[in-house]
Amino acid sequence: MSRLKQTQAWLALTQHYEATKQLHMRDLFDKDPTRFDRFSLQLNDILYDYSKNRVTDETMALLLALAHEVDLPTWIERLFNGEKINHTENRAVLHTALRDRGDTPVMLDGVDLAPQIKAERERVKVLARKIRSREWIGVTEQAITDVVNIGIGGSNLGPLMVNEALRPYSLHDLKVHFVSNLDENHINGTLEYLDPKTTFFIIASKSFKTQDTMVNAETARQWYLNGIGSDTKLHRHFSAVTANTALAREFGIADENIFHMSDWVGGRFSLWSSIGLATMIAIGEEHFEELLTGAYKVDQHFRNTPLEKNIPVIMALLGIWYNNFFDAQSVAVLPYDQHLHRFAAYMQQVDMESNGKYVDRAGKPVDYSTGPVLFGEIGISGQHAFFQLLHQGTKLVPADILAPIFSFRCIPRHHRALMSNVFAQTEALMRGKREDEVRAELQKQGMDEEAIAALLPYKVFPGNRPTSTFLFDTLTPETLGSLIAMYEHKVFVQGVIWDINSFDQWGVELGKQLAATIENELGDGALIDSHDSSTNGLINYYKQRRPPSKALAKS
């Protein structure tokens, strides 16, 4: 048995689960009129209500005891102090340093990182400012009208999500596009209506070797050259965000357009870094600074607030409770703000790439469930797609609901209807509808007993489905920064409890390695027999069906 499952708190939680698993939240609310007040927290304009969860005071006390027993406060300090907690790559984890608003040095291996962070951000600001002001001109002396960010994973999902979320703060006559998919339809569809004379590219890749990004980057460069006729002033149309300056230069990007990424920032936590160039171009440096400030305020809250009042800690502990004791294998993230339509997709990477691990920090297989499957959609759309399963399915799916009290451009009729759904869904998921309530409802409609008996089972809602609700004034850059940081720290806390390294991602490597081998095999018509029968069969079927003109030449 693992060390985690032998902790006193885990053993106590196991017993507590057996004693309380049949409790219904409807009854907990009926017995305790102060439940909302006791199980909600507030940080600045964000209210976090976790009262609609299957917990009691004893549950929370035991979960907090678990956090203390795994020495969570020490791990939090190790994170902020720059210790190399990403032990498999011997790296510190200091994305928090990128948004630090204080004057305290950020030390790593005896070097204060703060000056280099500020200097690199100033370089990004200068370029963003010039493009936004139309001072930056292209090869034909025309201002830039379109910016294309080419990246994958954290070099795409984070900036894309933020740009969409903060669209009201963007310059609307300067378009920022994102290309990530290796499928040529993505870049072709993006470039189709753009003009190479007024388009600026950001190649975002830490290694400058990632296949998805570099194939798209090469296509973009050739598109530019085809449109211009030469590589004259290529530096006016291409930049890079990378840790591999040499390869960026070899690609043709000028030194002044190469922005640095550090190895102490993981890709999925990098939107705060130079990877945010596309975001800064879209929303401006002032709003980007507000984004950083929102995250910094959560960093301070997370580091300095007692665990029992600490929002990311409570978020994480509730996830442990459902994942490891209720065997809930998924969690839903449901924003009720259209601008957050990419929020769940980004959080999939933050959570699943971080905690989708089956070995602990000692390299031994765990005997408990780790990271959940995270999914989500805009809440209103989800209600008409998968909420049926949330309400009446056989799977328990805890859900986070995020909603603004007012919108950037608020139309009262729209917003009242929107928020009525927020409150109705959380209440319906919690309370459900009992058989006697359904019967009374159908009797009131004048149905006879036979018809009622036939229909009644389908209209019963078990309820007791947990939700946590985030209400915030409106989706400002600062509020968005705070929300992102809350989820980042939640994931870190869960990794500490599960004793896994949340900051490596070796699981993405195998597919990349095999793809490199197979790409060479696709370059000719020869049949393949070097893989398993299924892979051989698929490759050979593809090669036989592919039109000769579409064959790919070997590099």
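In this predicted model, a good place to start is strand E7 (residues 199–204), which pairs with strand E8 (residues 238–242) in the parallel sense over four bridges. To see one of these pairings up close, find Ala204: its bridge partner in E8 is Val241.

Now widen your view. E7 and E8 belong to an open sheet of five strands, in the order E6-E5-E7-E8-E9, with parallel pairing. At the edges are strand E6 (175–179) and strand E9 (258–260), each of which pairs on one side only. If you look along the sheet, neighbouring strands are turned by 20 degrees against each other on average, direction ignored.

Let your eye move to strand E5 (146–150). Is E5 enclosed or open? Five of its five residues are buried, so E5 is largely enclosed by the rest of the structure. Its residues point in two directions: Asp146, Val148 and Ile150 go one way, while Val147 and Asn149 go the other, and all are buried. E5 and E6 run parallel and are joined by five bridges. Here, too, you can pick out a pair, with Val179 in E6 as the bridge partner of Ile150.

Helices lie across this sheet as well. Helix H8 (residues 184–191) lies across E5, E6 and E7, and runs at about 165 degrees to E6. Helix H9 (residues 211–228) lies across E5, E6, E7 and E8, running at about 160 degrees to E7.

There is another sheet to explore. This open sheet has six strands in the order E1-E2-E13-E12-E10-E11, and its pairing is mixed. E1 and E11 stand at the edges with a single partner strand each, so one side of each is left without a neighbour in the sheet. Neighbouring strands here are turned by 15 degrees against each other on average, direction ignored. Within this sheet, strand E12 (residues 399–404) and strand E13 (residues 467–472) run parallel, joined by six bridges. Look for Ile401, which stands opposite Thr469 in E13.

Follow the sheet to strand E1 (residues 40–43), where you will find Ser40. Is Ser40 buried or exposed? Its relative accessibility is 14%, and buried means under 20%, so Ser40 counts as buried. The side chain of Ser40 reaches the backbone oxygen of Phe36 at 2.7 Å. Leaving aside neighbours within four places in sequence, Ser40 is in contact with Leu47, Tyr48, Asp49 and Tyr50.

Next, meet a residue in a loop. Arg361 sits between helix H14 (343–355) and strand E11 (373–376). Arg361 and His87 are 274 residues apart in sequence, and their C-alpha atoms are 8.1 Å apart in space. Not counting residues up to four places away in sequence, Arg361 touches Trp75, Ile85, His87, Asp499, Ile500 and Asn501. With Ile85 there is a specific link to look for: the side chain of Arg361 reaches its backbone oxygen at 2.6 Å.

Finally, turn to a pair of helices. Two packed helices are described by the angle between their axes and the distance between the axes. Helix H4 (residues 57–69) and helix H13 (residues 311–324) pack at an angle of about 105 degrees, with axes 10 Å apart. That makes H4 roughly perpendicular to H13. Where they meet, H4 offers Thr59, Met60, Leu63, Leu64, Leu66 and Ala67, and H13 offers Ile314, Leu317, Leu318, Ile320 and Trp321. Sorted by class, this contact has 10 nonpolar residues, one polar and no charged ones.

How values were computed
Residues are numbered from 1 along each chain as its sequence is written. This is a predicted model: local features need pLDDT of at least 70, side-chain atom pairs count only at pLDDT 80 or more; totals for chains, interfaces and linings use all residues. Side-chain values use heavy atoms; hydrogens and water are left out. Axes are lines fitted to C-alpha atoms, for helices over the stretch in contact, and angles run from 0 to 180 degrees between N-to-C directions. Angles under 35 degrees count as roughly parallel, over 145 as roughly antiparallel, 65 to 115 as roughly perpendicular and the rest as oblique. Contact means heavy atoms within 4.5 Å. Ala, Val, Leu, Ile, Met, Phe, Trp, Tyr, Cys and Pro count as nonpolar, Asp, Glu, Lys and Arg as charged, and the others, Gly among them, as polar. Two strands pair if DSSP finds at least two bridges between them. Buried means under 20% relative accessible area, exposed over 50%, partly exposed in between (1.4 Å probe, protein chains only). A polar contact is a pair of N or O atoms within 3.5 Å; within protein, one must be able to donate a hydrogen and the other to accept it, and residues adjacent in sequence count only if both atoms are side-chain atoms.
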